[in-house]
Amino acid sequence: MEKLADVRKRMSSVAGIGDVCQTLATVASAKLAQTHTRALGARIYTARLRQILAEQQRAARQEGTDATTLSPLMEQRAEVKRIELVVIGADRGLCGGYNIAVGREARTFALHKLASGIEVVAVTRGHRAETYIRRATTLPIAEATAWTREGVAPADVDWLLGRITDDFLGGEVDEVWACYTAFLSAVRREPVVVRLLPVMPAEDDGTPPRGWEYQPDRAACVEELLRAFVRLQAEDVLLEAFASEQAARMVTMQEASERAGRALADLRVHYNRLRRESITADLVGVLVAGRVRGEAAENEE
């Protein structure tokens with residue numbers, strides 16, 4: 001028969017696991033709430049800035065100017081020979097299939113580019129992203145960084161912006177792509193690959209642009225807008241990825257906490273059954289011992 005002490009130890013272990021999972025879920029929920037608010041604001045600002053840039057490009061086309069010549073950040077290279085892939089994952093697990101999903105998406109994209117004869121170099125954010133790229137691909141990693149305690153701080157955005165713009169403008173790569181997990185809702189996330197540089201020119205939808213006054217000139221204004229736009233894109237990528245990680249961890253830990261609660265309830269039922277069986281066995285032993293003593297006393301008489 002299983003010992004009651006062993007069952008009590010298992011109950012204590014399961015209860016501890018449930019408490020840890022619930023704590024992690026609570027922390028992830030708080031980080032998600034904070035990051036989601038920032039991501040929503042950045043998303044709205046980015047959409048508005050994209051509209052303004054699109055209008056500037058339409059105005060340039062109507063004047064016979066190639067929109068891609070307004071800034072080096074929009075320069076389309078004649079031949080794409082080398083690209084940079086920024087892969088954003090988490091520093092640790094306990095978030096379901098979050099890291100595996102974004103790693104597989106990055107691997108599929110990289111294999112497609114390699115098959116086209118394009119060299120791919122990776123830049124990773126998060127230890128799990130770095131580990132996956134090293135184990136599952138042959139991509140060289142130009143830089144691997146970890147998340148800070150603050151999550152997405154201004155210094156993190158500056159790092160990503162500086163990295164991609166320096167590599168692109170310096171001619172080290174012809175395109176910059178980012179693979180991350182887009183945050184759709186707390187229970188819905190999707191790994192995606194988006195191009196960060198060069199900035200895609202807007203399609204001409206026939207809408208007449210408004211009149212603009214430029215100081216000092218259009219090129220300088222568009223260049224400033226583009227740099228702000230690329231920075232917002234970098235911030236949005238980091239915020240979306242971090243929010244997705246926290247949402248995945250929150251959901252996973254909540255499910256784990258619920259499973260621990262169910263396991264603890266089953267163990268309690270099992271413990272009570274063993275305890276009843278133990279008490280019954282003790283009572284039977286006492287009755288048998290009393291009967292044996294009574295029969296022994298009768299025989300002596």
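Visitor: What does it mean that tryptophan 147 and phenylalanine 242 are both called buried?
Guide: This is a predicted model. Buried requires a relative accessible area under 20%. Both tryptophan 147 and phenylalanine 242 are classed as buried, so each falls under that cut-off.

Visitor: How many aromatic pairs does a search of the whole structure find?
Guide: Two. One joins phenylalanine 109 and tryptophan 177, with ring centres 5.1 Å apart and 45° between the planes.

Visitor: Why is the pair of phenylalanine 109 and tryptophan 177 called tilted?
Guide: Check the distance, then the angle. The centres must lie within 6.5 Å, and 5.1 Å passes. Stacked needs planes under 30 degrees apart, and edge-to-face needs over 60. At 45° neither applies, so the pair is tilted.

Visitor: What makes this pair a tie between separate parts of the chain?
Guide: Phenylalanine 109 belongs to helix α2 (residues 98–115), tryptophan 177 to strand β4 (residues 175–185). The pair therefore ties together parts 68 residues apart in sequence. Both phenylalanine 109 and tryptophan 177 are buried.

Visitor: Why do tryptophan 147 and phenylalanine 242 count as tilted?
Guide: Their centres are 5.3 Å apart, with 45° between the planes. That distance is within 6.5 Å, and the angle is neither under 30 degrees nor over 60, so tilted is the label. This pair also links distant parts of the chain, 95 residues apart. Tryptophan 147 sits in the loop between β3 (141–145) and α4 (154–169), and phenylalanine 242 in helix α5 (residues 218–300).

Visitor: How do you know that arginine 125 sits over the ring of tryptophan 147?
Guide: The charged end of arginine 125 is 5.0 Å from the ring centre of tryptophan 147. The distance limit is 6 Å, so that test is met. Arginine 125 also lies over the face of tryptophan 159, at 5.1 Å from the ring centre.

Visitor: Why are α2 and α3 called oblique to each other?
Guide: They pack at about 45°, with axes 10 Å apart. Roughly parallel needs under 35 degrees, and roughly perpendicular starts at 65. The angle of about 45° meets neither, therefore α2 and α3 are oblique. The crossing is right-handed. Among the residues that meet are Ile100 and Gly103 in α2, and Tyr132 and Ile133 in α3.

Visitor: How do you know that alanine 60 is buried?
Guide: Its relative accessibility is 0%. The cut-off is under 20%, so alanine 60 counts as buried. Alanine 60 lies in helix α1 (residues 4–62). It touches Thr65, Leu70 and Arg218, leaving aside residues up to four places away in sequence.

Note on methods
Residues numbered from 1 in each chain as written. Predicted model: local features only at pLDDT ≥ 70, side-chain atom pairs only at ≥ 80, totals over all residues. Heavy atoms only, no water. Phe/Tyr/Trp six-rings, centres within 6.5 Å; stacked < 30°, edge-to-face > 60°. Helix = DSSP H or I, 4+ residues; strand = E, 2+ residues; numbered from the N terminus. Buried < 20%, exposed > 50% of the residue type's maximum accessible area, 1.4 Å probe, protein only. Lys NZ or Arg CZ within 6 Å of the ring centre and 35° of its normal. Axes fitted to C-alpha atoms, helices over the stretch in contact; angles between N-to-C directions. Parallel < 35°, antiparallel > 145°, perpendicular 65-115°, else oblique. Left-handed = near helix turned anticlockwise from the far one by under 90°. Contact = heavy atoms within 4.5 Å.
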